[in-house]
Amino acid sequence: MFGLVVVLGLAVAVALFAVSLRNGLVTRRNAYKNAYAQIDVQLKRRHDLVPNLVETAKAYMAHERGTLEAVVAARNGAATAGRAAAASPGEPGAMSAMASAEGALSGMLSRFMAVAEAYPDLKANTNMLALQEELSSTENRIAFARQAFNDAVMTYNNARETFPGSLLAGPFSAATPFTVEVPAEREPVAVKF
Amino acid sequence: MGGAIPPVPAEARTTLDFFAAQESAKRRTRLLVVVFGLAVAIDAALVYVALASVAGGSPGTLALACLGTVGVVGLGAGYHALRLASGGGEAVAAMLGGTPVDRASQDPGLRRFVNVVEEMAVASGLPVPALYVLEREPGINAFAAGFSRDRSVVAVTRGALDHLGRDELQGVVAHELSHVAHADTRIDLQLMAAVGGLTAISLVGRVLLNSASRSSSRDRRNDPGAALLVAGLAFIVAGALGSLLGKVVRFAVARQREWLADAAAVQFTRNPDGLAGALRKIASEGSALLSPRAPEAGHLLFATGATGIFQGLFSTHPPIEERIRRLARSGEGPAVAASATQARPLESAALASPTPHRQPGPEDLERASAVLQSFPPTLVDAARAPFGACALCCALLLDEAPEVRGRQLLGLAEGTGMRREAEQLASLLSAVSRPSRLALLDLALPALDGLSPEQARALGGALQALAQSDGTTTPFEWAVQRIALRRLGRGAGVPPRARVAALEQLYPEALTLLCAVARAGRSDEAGAQAALAAGALAVGGGAWRLLPADRCALGHLDAALLRLDESTPEVKMKVVQACAATALSDGKVADDEAELVRAFAAALGVGVPRLLVGG
């Protein structure tokens, strides 16, 4: 009788432990998926910011029309690629197209900033200062969102691959961290000495 | 920062990783909760002793003592929890005089704060908390409060907004958000309530004492009065001991949660220097709050607001120096890539006022930050942006003589603002001593990496033109060019493939360099020959004869350096060290000598040897 109680008690304890392990895995999987959605949110934020930036800079950088147009084109390309990727999430082709479009936009924006360095009036414009803070904050957010995603992926993979979680990991597939695409070599910025 | 930092013991290095640091803090918290359980058990034992003295010991009494203790502690804790929970995060912020921040605010300082908090919310995966600023507080401090992730509050003082840089503010906010993410406010509340529950046992003791005194006044012959008295005293002792132990545990938990938050802040920002910088500023400028009600919220603050009262066991925060030290250590860790780039300006400034070829230690960093602070801030700011760095490189080459300088400035392209910027920086440079100027150049190098290949080529051309415009090239001008060009050419070409491993094959080139250094240090032939002998000894070259001055002029050095660049790093290192030995042979190092050796080291891509002890 006593032995039966002990065996039953142990069985219940093991079952509870297994349930909590499984729930932990589910929670972590959801956490990393949510973290992925955050990256998307921040990328959209950048797309919304670029037109304002260009609008402000236009008045000061009249003879940098080429740079400004390239920035707008890169922004539109990234927005289109982002919509395509959102329509078919997880599809590798669309994802890599989005990543390279975003990489191109990043490259364009840093090139734009380098050019803007040479316009002291533009640099002093309060609107431009505010936009610059917004833009660098957005860049930070994108980086932090990726970092949070990668951290969440790591926690999830750790839980999935280490004992005893590995016993229950059958239906949980491994997640791959986000790797930043290195943008193609930036085109030179024309600055004369 | 002040005093020397003690060396890190080897075993402590194992906690470098911020993930490991967080795990260790969480493990210790769990351990402390077990200790708290022990405190309750000790209390139950004391209560049992008290009851046994009244009713005699039996298993029934033991069960009664345990259940009674747990019941009283539970009830007391529940009562305290209800009382404490009424004040959420908003209440604490209001109590300290905080004003809510509009998230759409256009004020630059507040805008930055809002952005930094939102960034950190993204990094930590939390909802954005409500924001408050303590407008009347000039000290640097911050706190997070609130019992759930969804309804938390983060507040900073006006002093923090004014004095902290963006990275530093980010570190502070990340620390506070970690408290929110790990529910530290709730843990502290629970422990506080449990301590209140333990105190409730004393209350039972007091009630017993009262009834004992009443019963004994009624009937002096009866024993129960004395027994009640003993039991009451035992309850009071149990309660006092329990709540004391409970408090010690609560503060120990609070300190562990601070470590956890520091490590998590590094995880969120991947930049230990930001948080460490904020702590350093607090250490030097203070974090005390003016609000008379600040002590009530002391355990919530970023740094201990009320200082000097609690020490050791009864402190809610670890010592600030220790926090800085652990962060500095996490910066050495391989897991934190960002810190390497962050540390570079300081480190290279340290190397520029020649320091040893070894791992830079704390004293180097201190000297480096002293060097850094001696520069006019405008120059430092300029050195950090690509445009300013270009202008600074040009400004370093501008001549003192007005007519030469005018001609040089005309050579710089018009319309880009470069000419004006360079002229302005040059006027500031006159206040900087010559050895420090190369340190300034080092500071500007990382910004040059941001130039496109076109820009880099243009800058290289401009530097060459500037250096040659007065007809002669001084060792300083030559050094500036060498160092800047080496950096600009980084990654442009493939490094030379031929690897000469035998130093003997490069003796002619080594001799050229050594002679240049020897002649720069000593004007007389005999002195220069002696200096050369010291260097020749270092490369094992035997009795070398001094080359005539025109054979080791700056033009010849370029060719020799190109050839030497094809050798292995060990060979390059030996040659540069021999040059240093030559420079040091007469016990003092002239500016020309130091600049030449710096330029050789830069051109060959090796570290700079120590030239001046304590320079």
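## Where confidence runs low

Over residues 181–193 of chain A, pLDDT stays under 50. For this stretch the model has 34 contacts beyond four places in sequence. Where pLDDT is low, the predicted coordinates should not be read in detail. Keep that in mind as you look around, since what you see here is a predicted model.

Chain A as a whole averages a pLDDT of 81, and 89% of its residues score at least 70. In chain A, confidence is highest in helix α1 (residues 2–58), with a mean of 87. The lowest confidence in chain A is found in helix α4 (residues 120–124), with a mean of 79.

## Chain B at a glance

Now let us turn to chain B. Its 24 helices are accompanied by four strands. Of the 615 residues in chain B, 47% are buried. Among the contacts in chain B with a separation of 6 or more, 75% join residues 24 or more positions apart.

## A small sheet

The four strands of chain B form an open sheet with mixed pairing, and their order is β1-β2-β4-β3. Two of them, β1 (99–100) and β3 (142–145) of chain B, are edge strands, each pairing on one side only.

Try finding β1(B) and strand β2 (residues 130–134) of chain B: these two pair in the antiparallel sense over two bridges. Here B:T99 stands opposite B:V133 in β2(B). Elsewhere on the sheet, helix α6 (residues 166–181) of chain B lies across β3 and β4 (153–157) of chain B. The angle between α6(B) and β3(B) is about 20 degrees.

## Helix α17 and its partner

Helix α17 (residues 434–448) of chain B packs with helix α13 (residues 377–384) of chain B at an angle of about 35 degrees, and their axes are 7 Å apart. From α13(B) come B:L379, B:V380, B:A383 and B:R384, which meet B:L440, B:L443, B:A444 and B:A447 in α17(B). By type, the residues of this contact between α13(B) and α17(B) are seven nonpolar, no polar and one charged.

Why can we call α17(B) largely enclosed by the rest of the structure? Eleven of its 15 residues are buried, so the description fits. Among the buried residues of α17(B) are B:R437, B:D442 and B:L448. The length of α17(B) can be checked too: at 1.5 Å a residue, its 15 residues should span 21 Å, and the end C-alpha atoms are 22 Å apart, which agrees.

## Zooming in on one threonine

B:T61 is found in helix α2 (residues 59–85) of chain B. Is B:T61 buried, exposed or partly exposed? It has 17 other C-beta atoms within 10 Å, so B:T61 counts as partly exposed; a buried residue would need 20 or more, and an exposed one 12 or fewer.

Leaving aside neighbours within four places in sequence, B:T61 is in contact with B:Y48, B:L51, B:A52 and B:A55. Take B:Y48 as an example: 13 residues separate it from B:T61 in sequence, while their C-alpha atoms are 6.8 Å apart in space.

## Where the chains meet

How many residues of chain B are in contact with chain A? There are 26, and they touch 25 residues of chain A. On the side of chain B that touches chain A, α4 (108–124), α14 (386–397) and α18 (453–468) of chain B each supply at least two residues. The largest share, seven residues, comes from α4(B). This side of chain B divides into twelve nonpolar, nine polar and five charged residues.

Key: Residues are numbered from 1 along each chain as its sequence is written. Chains are lettered from A and ligands numbered from 1 in the order in which they are written. This is a predicted model: local features need pLDDT of at least 70, side-chain atom pairs count only at pLDDT 80 or more; totals for chains, interfaces and linings use all residues. Two strands pair if DSSP finds at least two bridges between them. Two residues are in contact if their C-beta atoms, placed from the backbone, lie within 7 Å. Axes are lines fitted to C-alpha atoms, for helices over the stretch in contact, and angles run from 0 to 180 degrees between N-to-C directions. Ala, Val, Leu, Ile, Met, Phe, Trp, Tyr, Cys and Pro count as nonpolar, Asp, Glu, Lys and Arg as charged, and the others, Gly among them, as polar. The expected span of a helix is 1.5 Å times one less than its number of residues. pLDDT is the predictor's confidence in each residue, from 0 to 100.
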